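Open your viewer, switch to a cartoon view and take this tour one selection at a time. Each stop says what to pick and what is there.

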Amino acid sequence: MNIFHGRFGGNLFSGFLALGAVAAFPGAAHADENLFGYNTGAETLPKGSGEIYVFNTLRSDKGQGTYRALDTEIEGEYGVTDRITVSAAASFLTIKTNGLLIDGYLPAPIDKGPRFSGLEVKSKFNILSPALDDFGLAVITSAEWKRLDPHSGQLKTEYEGKVVIAAQKYFRQGQIVWVGNLGLKAGHETRAPIANLPAGFDWPTTPEMEIELSAGTGLSYRVAPGWFVGAETHYTSEYETEVGQERWSLFAGPTIHYGGEKFWATLTWFPQIKGGGERYPGQTDTGLHLIEKTKTEFRFKLGINF
Amino acid sequence: MTRFTWASLFAVPVLAASSSAIAADYLTVAQAQHILVPQADAFAAFPVTLSPAQLTQIRQISGVPQRTAQPRVWRATSGGRLAGWVIVDEVIGKHEYITYATGISPDGHVLGVEILSYRESKGGQVRDVRWRSLFRGKTVRDKFKLNQDIPNISGATLSSRNITDGVKRLLAIHAVALAQVR
């Protein structure tokens, strides 16, 4: 069964898209720029204005068997001042995997979702405005609670804190936009036990600590009024209590953005270019990290301002 | 994913584009001309072709490039005598182009700025007469620094910056190509 169509996928996607389309038409909403799928700019919302986002990220293909996961995030954002934006988000996970077990990471086939997977609160503080100060700079801090493991779909409890420094620069009066991000994430997770694990299968349930470093950049060009075409890249490296550097990966791909009077939409294709760290036994794509990452990601973002 | 889902995924931006391509046109060029130089009794299109050297000069004076070598210029006259100039220009807004007109006196002072088309739903304060009146009397020698001599408009920083830079650029066109014309 195709999880993205048969049981809930078509309905899920269609539902969110319909929600976005319906909400987009009435009222006067403004499209804030969110030109990239994985990197963020330095701008904040004006005081008193709000925005609702729906992010869908499809992660697929670990090289063997079937692996598809859809992360859906619904986020509300509000401009407290012209320089401070706060937001809260709820996330949902839809996952189907079979034909591939990875000791310690993918313990069982699964076909579930969408299930509520976590909550996040975030604040963004704009230090420099890219239009006003020539160079934009913002600090984004967030705290997240998760109840599902995004890789296996199994139950776990995770608390994460993250800090991102976001830089942004306009070129040619805004025809070209550059952004750069640096991030540091720390997480504390405890997995729930699983019954009937394969013999000798490792599924640690003692608390673990993770630290992830990330760096990304993107460049987007305004090809027509409201339309931007660009490319972006994102590097992450994760360190764990037991194993030191567990993984690193570099994703890069094209992105297309439309921003109009009523809402904006961004679509990014993000294949993994290079990766390393731990590999699962029998992994044939040795130049990629495929335990916690996949070969390809697609992200579709929809934002509605009010 | 299925073909149906992908079709939906791409359908929304297309739907958005078709739904939001609504231009908000506030003034015609003729209306703007009469507001900017009210004493004029005639407005004649004044063909200007800027040389590469003049384009370089304009960039040096204004700090931003003049994208076209043929700006849209009208010569305003009153009783046959030069009363001022009207230049219609476009700058990049947050998402769409902003079309505006600037009136310039024969001696190079801003007579006024009028917004002809503004297509963004926020930052409409650029149409506010109080904001636009802050340009009146400025010359090419003024700084035109946003948030110093022209206030920024929250939520439309890029639009207000580009209009501010644009007005200075039009004053530079006047200084380079029109100031000697009588």
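Two residues are in contact here if their C-beta atoms, placed from the backbone, lie within 7 Å. With that in mind, take chain B: residues 24 or more positions apart account for 64% of its contacts with a separation of 6 or more. Please remember along the way that this is a predicted model.

**Stop 1: chain B as a whole**

Color chain B by secondary structure. You will find five helices and five strands, and from the N terminus on they follow the order α-α-β-α-β-β-β-β-α-α. Chain B has 182 residues, of which 45% count as buried.

**Stop 2: the sheet of chain B**

Now select the five strands of chain B. They form an open sheet in the order 1-2-3-4-5, with antiparallel pairing. Look for the edges: these are strand 1 (42-45) and strand 5 (110-117) of chain B, each of which pairs on one side only. On average, neighbouring strands of this sheet are turned by 25 degrees against each other, direction ignored.

**Stop 3: strands 4 and 5 of chain B**

Keep strand 5 of chain B selected and add strand 4 (residues 97-104) of chain B. How many bridges join strand 4 to strand 5? There are six, and the two strands run antiparallel. To see the pairing up close, show B:Thr99, which stands opposite B:Ser117 in strand 5 of chain B. Then show B:Gly103, whose bridge partner in strand 5 of chain B is B:Gly112.

Follow the chain through the hairpin of these strands, which has five residues between them; there B:Gly108 takes a positive phi near 90 degrees. Although strand 5 of chain B is an edge strand, seven of its eight residues are buried, so it is largely enclosed by the rest of the structure.

**Stop 4: helices on the sheet**

Select helix 2 (residues 29-36) of chain B. This helix lies across strand 1, strand 2 (72-78), strand 3 (81-92), strand 4 and strand 5 of chain B, and runs at about 160 degrees to strand 5 of chain B. Next pick helix 5 (residues 157-178) of chain B, which also packs on the sheet and touches strand 3, strand 4 and strand 5 of chain B. The direction of helix 5 makes about 140 degrees with that of strand 3 of chain B.

Stay on helix 5 of chain B for a moment. Is it mostly covered or mostly uncovered? Mostly covered: 20 of its 22 residues are buried. You can also check its length: at 1.5 Å a residue, its 22 residues should span 32 Å, and its end C-alpha atoms are 30 Å apart, which agrees.

**Stop 5: helix 3 against helix 5**

Add helix 3 (residues 52-62) of chain B to the view. Helix 3 and helix 5 of chain B pack at an angle of about 135 degrees, with their axes 9 Å apart. These two helices of chain B are therefore oblique to each other. The crossing of helix 3 past helix 5 of chain B is right-handed. Show side chains here: from helix 3 of chain B, the residues making the contact include B:Ile58 and B:Ile61, while those of helix 5 of chain B include B:Arg169, B:Ala172 and B:Val176.

**Stop 6: the barrel of chain A**

Finally, move to chain A and select its strands. Here 12 strands close into a barrel in the order 1-2-3-4-5-6-7-8-9-10-11-12, with antiparallel pairing. Neighbouring strands of this sheet are turned by 20 degrees against each other on average, direction ignored. For a last close look, pick strand 3 (residues 84-98) and strand 4 (residues 110-128) of chain A, which run antiparallel and are joined by 13 bridges. Within that pair, A:Ile95 has A:Lys112 in strand 4 of chain A as its bridge partner.

Conventions:
Residues are numbered from 1 along each chain as its sequence is written. Chains are lettered from A and ligands numbered from 1 in the order in which they are written. This is a predicted model: local features need pLDDT of at least 70, side-chain atom pairs count only at pLDDT 80 or more; totals for chains, interfaces and linings use all residues. Two strands pair if DSSP finds at least two bridges between them. Helices (H or I, at least four residues) and strands (E, at least two) are DSSP runs, numbered from the N terminus. Axes are lines fitted to C-alpha atoms, for helices over the stretch in contact, and angles run from 0 to 180 degrees between N-to-C directions. The expected span of a helix is 1.5 Å times one less than its number of residues. A residue is buried if 20 or more other C-beta atoms lie within 10 Å of its own, exposed if 12 or fewer, and partly exposed in between; C-beta atoms are placed from the backbone. Angles under 35 degrees count as roughly parallel, over 145 as roughly antiparallel, 65 to 115 as roughly perpendicular and the rest as oblique. A crossing is left-handed if the near helix is turned anticlockwise from the far one by less than a right angle, and right-handed if clockwise.
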